[in-house]
Structures are given as C-alpha cells and as structure tokens.
Amino acid sequence: MFWRSVVGKLWFTILFLVCFVLFILTILLLEFFQNYHILEAERHLLQTADKISEVVDRYESDEDLLLSTTDLVKDPASRAVIAWGADRQIAAESSSENLPVIDYDWFKSDPDLSTVMEEGRDVKKVADLSVGETGIMVVGTPLNEGQGAVFVYQSLDTIEETSEQTTKIIFLGAGIAIVLTTIFAFFLSTRITSPLIKMRESALELAKGRFNTKIPIRTHDEIGELSMAFNRMGRELKFHINALNHEKEQLSGILRSMADGVITVNRQGDVLLSNPPAEQYLEAYEFEHQGADEHVDLPEPLQELLQRVILEEQELMTEATLQGRSWVILMTPLYDRQKIRGAVAVLRDMTDERRLDKLRKDFIANVSHELRTPISMLQGYSEAIVDDIAESKEEKNELAQIIHDESLRIGRLVNELLDLARMEAGHIQLSMESLDMESYMHKIVRKFQGVANDKGVILHSAIDPAVQTASFDPDRIEQVFTNLIDNAIRHTESGGEVFIRVEAGTGGWVGSVSDSGLGIPEEDLPFVFERFYKADKSRKRENKNYKKGTGLGLAITKNIVEAHEGSISVHSRLKEGTTFTFKIPYHQ
C-alpha cells in the first residue's frame, strides 16, 4: 500500500510538519493582524477626533460649515458627535445604515467615556450598543478649551471585514504553500526512494543468485555512496560465493573419488553429508530393513557408535556386516567450539581384504591338498615296487605308469602355478598374430573330437563368416579354448552336447563354449574363476579313468582374456548346463 511505502511515509511526514508550522504561523498572523487592525482603527479614529477638535475651534459658530468640514475629515463609514453639554450637541452623518446616532447621555453614562469631559484626556474603547448586535469602537478627545468633547465611533463590522479579507489572504497563501509543499515532498520522496527501489530490486536479484546486477549511480551524495557500496557488496558476494562453490565442488569431488564411505551426522543422528560408497551402505541397510515398522535414517551400528562418541568424546571404531559385506566404521566427533555438534564416520569395505586373506589361507590348504594326493600315490606305488608286492612284469609296468602319470600331474600343477603367478604379476607376454579363424578353430575342435567320442559327447562348432581374421596370441587363446572345452566335456554326461561358437561382436569377436551338463550351483558362480575352487566339494569323479583337474584352469583362462584387454563371464543353471563367454577386442 501507498501509506506503507517509504514514499508515502516521507511525503506524509514532510506534509504534516509543513502543515503544523503553517497552522501555528496562521494563528499567530491572524492574531497579529486582528490586533493590528484594531490598533490602526483606534489610531485613525483618534487622529480624526483631533482634526475635528481643531475644526470645532475654528468653525464653532457656524454649525453647517462645521458639519461639512467634519464629513470631509472623517471616514464616511464612521460617525462623529460633537458635544458641548447635554443641551448642545451635533452629529455628523455616516454612510453606514447600521450605525445609529448616539446621544450625549450615553457617553455621559459610560464611566470610561465620561472621563473625556471630566478629566480632559483621550479615551479609546470597544463597546456594545443596546440596540442591535453590532459592536462599535469609540474614541473621545476633549475640545481645546475643555468645554466639550468630540466622539468618533464606527462599527466593528468594518474592522472584521478587513480582518476577514486578511484571513482569506493568509489561508490562500497557506493553501498554496501546502500544495507546493506536497509537490515538493512527493518529488523529493521520489528522488530519494527511486534508488531505494532499485536497490530492493537488485537485492531480490542477488537473492536469486544473479550477482552481475548493478545499480546505476546518478548522484554523489549519501544515496550514491550507498549504491556504490551495494555494487561493491554484490561483487564481494559473487567472489566469496564462487570461492565457496569452488571449495564445495573440490570437497565433493574429493568425497566422490574416495574409496571409503564418509557420513557426516549431527547430534540427533540426521545424515548431513555422504558420498557414493556411504550411500551404497545406507541403501543396503535400507534394503535389508525395508520390512521394518520404523524407518531409521541412520543405521543402528552407527547410532550406537554415535551415542558412545558423544558420551566419551573420543574417536571410536566398530565392525559391521551387511548384505554379506564386512565394514569397518571409524567415527570421530565434530566440535562447535566446546560442544560436540555431530560426528563424521569413515566406512571402509573390508570384504575384498577379508576375501583375499581367506583365499591366501585357502590357497595354502588347496596346494597342500592337491600335492598330497599325488605324492601319497607316488610314495605308495613306489613302496609297492620296492617291496616286490607287484610280482609280474605287467603289474610293475602298471604301477610305474601310475607313478609316471602322478609325476606329470605334479609337474603340470607346478607349471600352472608358475604361469598363474607370472600372469597376476603382469609378466605375461603376448605374441600377437593375425590368423584365419576358421582354420584355427577347426584345428582346436579336431583336437577334442576323439576325447568327446570316447566320452560319448557330441561336439558342435559354429564360426560366424563375419569373423574371418583376428589378431591375438594363438597359443594363449588355444589354452583358453582348451580349458573351457575340456571342462565342458568333463562335466557333460554321455549323450550330451557341447557347442563351440565364434561370433562377431561390438568392437571385438566373441567366443563361447556351452554344454548340456550338470551345471554350476548359483552360490558357486561368483567363485568359479578363483584358484583351486571346485564346485564339486568332494573333489571326486565318477569316471576313474578321466584325468582330474588342478582347479587352476579357469583362473588362468581369466588372466589370459584380461591380458588381451577382454572380458569373460559365465551363466549356468543346475541340471541344464553351463555357458562360458569371452570377448577379445580387435587389435590392430
């Protein structure tokens, strides 16, 4: 509204002050001019009475001349009475009809006017006539010889009429002054508030984040200096907010790039800040407790740790397991001067470290297990030969053959361990060649055709015509196919099928080996590429004549594929079969 604006308030204040001053000034001027007119009228009447007294002294004997001279001397609106006593008096005519003729008795009866004749001094008086409502102003002066007096009086209406005219002029001047003051005040208010309105609009723009807004500087007074200060403030705000945004983005980038999770909470347990690893932990906790009646922002392990940190005011650590993953949580208090305002928790996913530690322990156990069996067989069969338990030459040859096979198995295990160690250390060297895929795959399939026929497994192969040539290490890729096809035939029962395919993919060619065998349990799929891992926990084979695996083939296969900058995956269903798929990018 207008009255609530600065323009309205400033305009109303100036107008009120000016009107108040004009009101006081008008009252004082009216009082002054009213008194002034009365005094001027008294003085004028007294001068007139003195002149008439002189005329009386000169023309006392001729009344007609005296009256005509008196009419010339006095004001036409006044009346003059010349009295020598109660028996002799004359009165001059007046142009005012409301002014009656007053006889000598009235002057004589008035205590003030009677002193003119008795004491011989001038008298001025405002009196009321008993006839009518009009008051009169009377002055009296004695004659020079002291034998009478001259009274001149006039109606107060004349004085009031003069005062009214003066009052009208004063009120007209006051009205003009008020109008001019209103225009001036409104103009001044507009000039003052116009920059303020610009500042308000600029402040709203600053609140919206538009820091390039500037206020035009039209004056060099306080308002101009305020505009300059406002523009400087906008520049400083832009600089500091850009600096804050830069620091915020830098901190956010650091938090996002951290492998550890970071969660900042207040004393109430509300999450204030978190990075992607921490959000994964929170999402996993929410997923695990999505059936709970109460939704909790902060996981229970962190809540308990937060309460302990607030009470003990020191850094604390705990461990938690969530969705099969192990987390180590380190929480540190955050201080607001002397008071703890919250805490920051660092969450480290220790699952891989624990898994690697377990793999290291399992590796020793697996190697010991894999070596113990052939060594025990070597020891047992060699003792049988030494103790002459085998009597015939055929039996000795059979025992020697078993010892030979087990020694080869030990050598194969040791060589594969050495190859795997070199591959994981990054010491693998590839001999890249450009080969014809059809002839290359035909050679590999033909190598396993006899093994498949002995097992009663049907072997199929399909090569995409789009893949005519490819560049890779032929010995290493042959080792990949050998491991995959050997596993497929080994785990496929008689009458089953094994499919070998080579297809064109996006950015590389795709090889796959599928079988219709026993399949791999779902819980074992994530671990099939680990060393010495076997889905058959008993480590037994129904076919005693078939060679046992070392458990390193798939680990070696994965390292070879990754050395070619490729990827390998497995899909399987129990009792339905397994499919291993790997992709090798085209190498120039």
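**Exercise 1. Classify R348, then find its partner.**

Solution. At 43% relative accessibility, R348 is partly exposed. The cut-offs explain why: buried means under 20% relative accessible area, exposed means over 50%, and partly exposed lies in between (1.4 Å probe, protein chains only). This is a predicted model, where local features need pLDDT of at least 70 and side-chain atom pairs count only at pLDDT 80 or more, while totals for chains, interfaces and linings use all residues. Residues are numbered from 1 along each chain as its sequence is written, and side-chain values use heavy atoms, with hydrogens and water left out.

Now the partner. The side chain of R348 meets that of D260 in a salt bridge (2.8 Å, N to O). Such a bridge needs a side-chain nitrogen of Lys or Arg within 4 Å of a carboxyl oxygen of Asp or Glu. The pair links distant parts of the chain, 88 residues apart: D260 sits in the loop between α6 (222-257) and β6, and R348 in strand β10 (residues 339-349). Helices (H or I, at least four residues) and strands (E, at least two) are DSSP runs, numbered from the N terminus. D260 is buried, because its relative accessible area is 16%.

**Exercise 2. Compare two further salt bridges.**

Solution. Start with the total: the count comes to five salt bridges.

Take E478 and K447, whose side chains meet at 3.1 Å, N to O. This pair also links distant parts of the chain: E478 lies in helix α12 (residues 474-490) and K447 in helix α11 (residues 437-455), 31 residues apart. E478 is buried at 18% relative accessibility. K447 is partly exposed at 43%.

Next take E576 and R573, bridged at 4.0 Å, N to O. E576 is exposed, with a relative accessible area of 54%. R573 is exposed too, at 58%.

**Exercise 3. Describe helix α13 and the loop after it.**

Solution. Count the cover first. Eight of the 11 residues of α13 are buried. Among them are L554, I556 and I560. I560 counts as buried because its relative accessibility is 0%. Then look along the chain: I560 and V480 are 80 residues apart, yet their C-alpha atoms are separated by 7.3 Å.

Move past the helix. E565 lies in the loop between α13 (553-563) and β16 (567-573). Its phi is near 65°, a positive value in a residue other than glycine. E565 is exposed, at 63% relative accessibility.

Repeat for K575. This residue is in the loop between β16 and β17 (577-585). K575 has a positive phi of about 70° although it is not a glycine. At 67% relative accessibility, K575 is exposed.

**Exercise 4. Find two surface patches.**

Solution. Apply the rule: patch residues have over 30% relative accessible area and no salt bridge, with like charges joined within 9 Å and nonpolar side chains (Val, Leu, Ile, Met, Phe, Trp, Tyr) within 5 Å.

The charged patch is negative and gathers D270, E279, E283, E286 and D297. Asp and Glu count as negative, Lys and Arg as positive; His and the chain ends are not counted. Each charge is placed at NZ of Lys, CZ of Arg, CG of Asp or CD of Glu. D270 is found in the loop between β6 (261-266) and β7 (271-274), and is partly exposed at 37%.

The nonpolar patch holds F20, V21, F23, I24, I27 and L28, with about 590 Å² of accessible area together. Areas come from the Shrake-Rupley method with a 1.4 Å probe; for residues, only the protein chains shown count as cover. F23 belongs to helix α1 (residues 6-59).
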